[in-house]
Every structure is written in C-alpha cells, then in structure tokens.
Amino acid sequence: MKGKFHIWTLAGICLTLSLVLPTGLTAIQSASAAAASPELLPVKIQRLTIDPSSNQPVVFLTDLQEERALLIWIGPCEANAMNAEMEGTKPPRPQTHDLLQGVIQKMKAKIQKVVITHSKDGIYFANLVLEREGTVIEIDARPSDSMVLALKAKAPVFVAGKMFREMSVSLKEERGAEATYGITAQELTSSLAQSFSFKSTRGVLVSDVRAGSPAEKDGLQRGDIIAEIGGEATPDLKTLKAVMDKMKGPVTAKVFRKGEFIFLTLRGK
C-alpha cells in the first residue's frame, strides 16, 4: 500500500509540472493568497528519535534558539530516509525520495521551502513549495516526505507561527520532566484539546513517556491528559509539578485517554 502511495505521489507531481509549468499560466499561490498567509516561523530538524511507548519515530522541530520543539510522529520508511540524509549516507540505488528529487530537477524546478501549515485531529499537514522560472507551485504533502526532500535540497523548513506557539513543548521543561519522572509534558492549548476531543484546556498533556521510567511503570502513555492527581486539579504544568513534588506515596490520578476518563495509581519518581 505504501509503495502505491509513493507511485501516485510521483505521478501527481509529474502531472502538475507537465500541465501547469510549461503553459506559463498563473502560480498556484496568488498574490492575494500570499497576503493572507499566516506568520511563518523558521525551524530546524534538531533530532530524530523513537517514541518508546509506540516504537514510532518522532521528529523534533525546534525554533532557531532551540528553546521549544514541535514533535511530529512519522513512519519508519520516512525516518530511515531522513536519518540517512542527516548522517550523510547514500543508498546504492535511488530510493523513492531520490526519485522525486530527480524528477523535480529534470523539470528544471527547485524546492524553495517546506511549510507545515496546520494540524487536524492530531495529523499535521504540509506544503512542498517548488519554483520554476519564477512560477511558484504549492503541493499538498505529508510533513515526513517534505522534510526528507528539504534535507536533500538543503531547503528551509517553516511552521505556522501560531500553531508552533500553541503546540510546541519547552525543551527545558521536557528535560526537567524526564529527569524526575520520565514524561514530556506540555500545556493543553485549545488546539491540542480539540485534537484530543477534550472539552477543556484545564489539564496537562503527556506528549512522551521515557522507556523504563517510573511514569511508564505507573501506566502513563503518550497522549494522556492528566486532569487530577490525588483529588487536586492539574490545570497547567506549574500545578502538575507542585502536586507531584508533594506526593508522599501512591496517589490516584484522573487521566483522559482515548475519549474517556480512567484512573491510575501514581507512585511518583
């Protein structure tokens, strides 16, 4: 199934380039659309790691100061391609992303940038922006494929600024949480709450759980929303840390998971 997807993706790019570009019609991104474009924040692909709870690769996209990161989970094939680019290794024969890059180059186009535009139902969306002879073409694409091509072409990656501020995690907070208990936690914004079908912003989202940590042993999972610990509400990160610092033994936590509340016994760090 994945192979068919890549073939049709290639076919779509070839069709777009052959029908739109040679005719010299109009760029897909019009002047009015450009004026209405959201604020874009430049980011860098800081690292690629494995989510221990699902064994799924996750990409850390950070701001240029590496203070905050947007976490995007991707597939293993795309992760392998991304890792090869980051390590500077080349396959013996062209892979799918090499083929796509070759088609773009043969059409005398270039990858201008990648823009991660928005998130819906926990899924991120991106545009691969190409340029040929002054014409700009925006192609709807998965962030994972787009980031691999950006690495190959040394093209910049951008994220919609509002989304990054709402859905990114603080790297300082992440390191502190992992050091003490084994979770990566973040504030629950309205966008995140909607993505997880949670009808409030009063809670803390668990965006990662370190393998073998006390948090994993207590049963916490990535995507859990911690609403209460020991009967005390945890509406934000500051409160969560304060409540956990006061833990003197096992306590019951109220956690929202996959559309319903469950109760876990937390033993702490």
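**View A. Strands E1 and E7, side by side.** E1 and E7 are antiparallel neighbours, joined by 4 bridges; strands here are DSSP runs (E) of at least two residues, helices are runs (H or I) of at least four, and both are numbered from the N terminus. Two strands count as paired if DSSP finds at least two bridges between them. Look for Pro-42, which sits opposite Phe-158 of E7. This is a predicted model, in which local features need pLDDT of at least 70 and side-chain atom pairs count only at pLDDT 80 or more, while totals for chains, interfaces and linings use all residues. Residues are numbered from 1 along each chain as its sequence is written, and side-chain values use heavy atoms, with hydrogens and water left out.

**View B. E7 from its other partner, E4.** With E4 (110-120), E7 runs parallel, over 3 bridges. Phe-158 turns up again, this time as the bridge partner of Val-115. Both faces of E7 are covered, with Val-157 and Val-159 buried on one side and Phe-158 and Ala-160 buried on the other. (Buried means under 20% relative accessible area, exposed over 50%, partly exposed in between, using a 1.4 Å probe and protein chains only.)

**View C. The whole sheet.** Zoom out and you get an open, mixed sheet of 8 strands, ordered E6-E5-E4-E7-E1-E2-E3-E8. E6 (135-141) and E8 (169-170) are the edge strands, each pairing on one side only. E1 (residues 40-51) and E2 (residues 56-63) are antiparallel, with 8 bridges between them; one of the details to pick out is Ile-45, whose bridge partner in E2 is Leu-61.

**View D. Helix H5 on the sheet.** H5 lies across E1, E2, E3, E4, E5, E6 and E7, at about 40 degrees to E5. Angles run from 0 to 180 degrees between N-to-C directions, and axes are lines fitted to C-alpha atoms, for helices over the stretch in contact. H5 is mostly covered, with 9 of its 11 residues buried, including Met-147, Val-148 and Leu-149. Just after H5 comes Lys-154, with a positive phi near 55 degrees.

**View E. H3 against H5.** H3 (residues 76-87) packs on H5 (residues 143-153) at about 20 degrees, with the axes 9 Å apart. That makes the two helices roughly parallel, a label for angles under 35 degrees (over 145 is roughly antiparallel, 65 to 115 roughly perpendicular, the rest oblique). Among the residues that meet (contact means heavy atoms within 4.5 Å) are Met-82 and Met-86 of H3 and Val-148 and Leu-151 of H5.
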